[in-house]
Amino acid sequence: MAYPYRDEREVRILSAHFGDPEARTLAGWRQRGGYEALGQALALSPEQVTEIVKNSALRGRGGAGFPTGLKWSFLRNDGRPHYVLVNSDESEPGAFKDRELCRWTPHQLLEGALINAYAIRAQHVYIYMRGEFFEPAQIVARAIDEAYAAGIAGPDVLGSGVTIDVTLHLGAGAYICGEETALMNSLEGRRGQPRVKPPFPAVFGAFGQPTNINNVETLCTVPHIIRNGADWWRSIGTDKSTGTKLFNMSGHLVRRGNFEFPLGFNMKELIYDVCGGIRDGRSLKAVIPGGSSVPMLAAHELDIPCAYERVATAGSKLGTASMIVMDDRTDIVKQVRRMVEFYAHESCGQCTPCREGTAWLARIMRRIEAGQGTEADLALLVDLGKNMTGTTICVLSDSAAAPVLSSLAKFKDEYLALIGRAAPVAAAV
Ligand SMILES: Cc1cc2nc3c(=O)[nH]c(=O)nc-3n(C[C@H](O)[C@H](O)[C@H](O)COP(=O)(O)O)c2cc1C
Ligand code: SF4
């Protein structure tokens with residue numbers, strides 16, 4: 001992935017060292033100010049560290065945008081073993097930021113995770129990484145070894161007397177294991193299925209003990225906040241969406257890749273100025289702004305700030321800010337069918353609306369794409385999609401319904417054009 005392109009409005013904090021192999025090593029990271037924030041945190045009380053993160057108004061980068069400091073504050077000083085889980089599963093179609101953070105700045109992640117562990121009095125950090133991330137896993141494993149050898153992880157973190165162990169755990173490539181409680185089950189050696197909540201992880205998490213789980217990007221942000229202060233972080237972005245965010249831009253763009261901008265940056269400018277617009281001189285049809293699980297937006301809806309609150313007002317979600325950009329040649333029905341098939345394959349099968357719903361969505365979408373659908377199928381898709389939303393243990397079911405419902409609302413003409421018309425090629429791609 002190329003990182004040389006630079007827009008003058010870009011603010012590289014987390015990605016400042018992308019493309020720089022020296023930053024991967026402990027010596028290189030320390031030369032760049034690495035682990036100073038951990039030292040600063042250890043000089044404070046755990047509650048003070050949590051308070052700084054709370055005051056920064058940092059929101060989790062794993063998709064839901066939950067306030068990070070608030071989540072940390074749910075863990076009580078109760079004498080029970082506590083755990084930090086780092087969610088590095090990143091299987092959402094369109095998302096490719098966490099793997100880059102792990103590849104280029106493994107110590108940035110370790111530092112954030114160690115600060116989190118200190119703040120919630122955890123003695124063990126588990127980094128749960130998607131099994132296919134072979135290269136990032138090797139890089140992170142090397143960084144963990146370096147951190148142990150230098151006394152940054154282990155029995156006496158930076159001479160503070162605090163013990164924090166770090167274990168890297170590889171998953172086996174199931175999308176559902178990115179859901180926080182499925183991840184815990186998988187880590188424990190059980191089947192990777194989401195748990196019913198409550199109880200929430202802060203009370204009953206990994207191994208039945210209080211646990212905090214955060215996304216890789218969230219934790220990579222923490223050392224910068226500790227070093228520069230909560231006010232500094234809040235001075236970037238918007239009131240409700242503070243700081244910078246990695247925007248993972250993919251699809252029919254001239255320039256694709258990760259770009260770090262303050263939250264609130266205009267979506268259209270991101271697409272046209274930063275990413276150079278639509279390639280091959282084509283025009284824009286639609287964007288999925290936050291990874292495949294969020295509703296799509298049509299071309300005329302994109303003049304909005306990329307902030308959690310503003311994308312929600314426009315009828316979608318910022319999610320992981322993994323934008324899939326589609327040009328005017330895109331066959332929306334085909335793309336939605338492919339997404340639905342992904343979710344049908346990845347459903348863990350516990351909940352009837354999800355298990356049956358995703359399979360039926362896929363079947364009906366295939367029928368329509370093959371020119372054998374009817375108008376009644378469109379009504380059936382809407383009915384199914386609504387019944388799959390808000391009715392299950394986790395939101396995979398909602399995620400499968402989102403592209404169907406939003407595409408039917410915005411691109412119904414493409415569905416109607418296929419009704420009653422047999423397609424020349426079987427829809428199997
Ligand atoms: C089906 C599903 C898959 C998910 N996959 C991921 C993932 O790969 N990485 C991630 O960080 N969060 C993922 N999440 C969100 C996590 O459950 C959780 O909210 C997140 O790790 C919390 O971290 P944050 O507060 O730092 O955002 C997923 C959620 C669902 C429902
Ligand atoms: S919604 Fe789907 S993936 Fe989530 S727990 Fe239920 S069946 Fe499993």
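**View 1. Thr218 and its neighbours around ligand 1.** An oxygen atom of ligand 1 is 2.7 Å from an N or O atom in the side chain of Thr218. This is a predicted model, and the views that follow come from it too. Thr218 is also listed among the residues that come nearest to ligand 1, with Gly62, Glu90, Asn214 and Asn215. In total, 18 residues surround the ligand. Asn87 offers a side-chain contact: an N or O atom there is 2.9 Å from an oxygen atom of ligand 1. Glu180 takes part through its backbone instead. A polar backbone atom of Glu180 is 3.0 Å from an oxygen atom of the ligand.

**View 2. Helices H14 and H15.** H14 covers residues 352-369, and H15 covers residues 375-387. Their axes come within 10 Å. The crossing angle is roughly 160°. An angle over 145° counts as roughly antiparallel, so H14 is roughly antiparallel to H15. H14 passes H15 in a left-handed crossing. On the H14 side, the contact is made by Pro353, Gly357, Trp360, Leu361, Ile364, Met365, Arg367 and Ile368. On the H15 side, Asp377, Leu378, Leu380, Leu381, Leu384 and Asn387 make the contact. By class, the H14–H15 contact has ten nonpolar, two polar and two charged residues.

**View 3. Helices H14 and H16.** H14 also packs with H16, residues 396-410. The two axes come within 9 Å and cross at roughly 25°. Angles under 35° count as roughly parallel, so H14 is roughly parallel to H16. The crossing of H14 past H16 is left-handed. H14 contributes Pro353, Cys354, Thr358 and Leu361. These meet Leu396, Ser397, Ala400, Ala401 and Val404 in H16. Seven residues of this contact are nonpolar, two are polar and none is charged. Pro353 and Leu361 of H14 appear in the contact with H15 and again in the contact with H16.

**View 4. Helices H3 and H6.** H3 spans residues 46-56, and H6 spans residues 106-120. Their axes come within 7 Å and cross at roughly 120°. H3 and H6 are therefore oblique to each other. Their crossing is left-handed. From H3, Pro46, Val49 and Thr50 make the contact. From H6, the residues are Ile115, Tyr118 and Ala119. The H3–H6 contact divides into five nonpolar residues, one polar and no charged.

**View 5. Cis peptide bonds at Pro198 and Pro199.** Lys197 and Pro198 are joined by a cis peptide bond, with omega about -5°. A cis peptide bond also joins Pro198 and Pro199, with omega about 5°. Pro198 sits in the loop between helix H8 (180-187) and strand E4 (211-215). Pro199 is found in the loop between H8 and E4 as well.

**View 6. Backbone of Tyr35.** Tyr35 lies in the loop between helix H1 (26-31) and helix H2 (36-42). Phi of Tyr35 is near 70°. That is a positive value in a residue other than glycine.

Technical notes:
Residues numbered from 1 in each chain as written. Chains lettered and ligands numbered in written order. Predicted model: local features only at pLDDT ≥ 70, side-chain atom pairs only at ≥ 80, totals over all residues. Heavy atoms only, no water. Axes fitted to C-alpha atoms, helices over the stretch in contact; angles between N-to-C directions. Helix = DSSP H or I, 4+ residues; strand = E, 2+ residues; numbered from the N terminus. Parallel < 35°, antiparallel > 145°, perpendicular 65-115°, else oblique. Left-handed = near helix turned anticlockwise from the far one by under 90°. Contact = heavy atoms within 4.5 Å. Nonpolar A, V, L, I, M, F, W, Y, C, P; charged D, E, K, R; others polar. Near = heavy atom within 4 Å. Polar contact = N/O pair within 3.5 Å; in protein donor to acceptor, adjacent residues only side chain to side chain.
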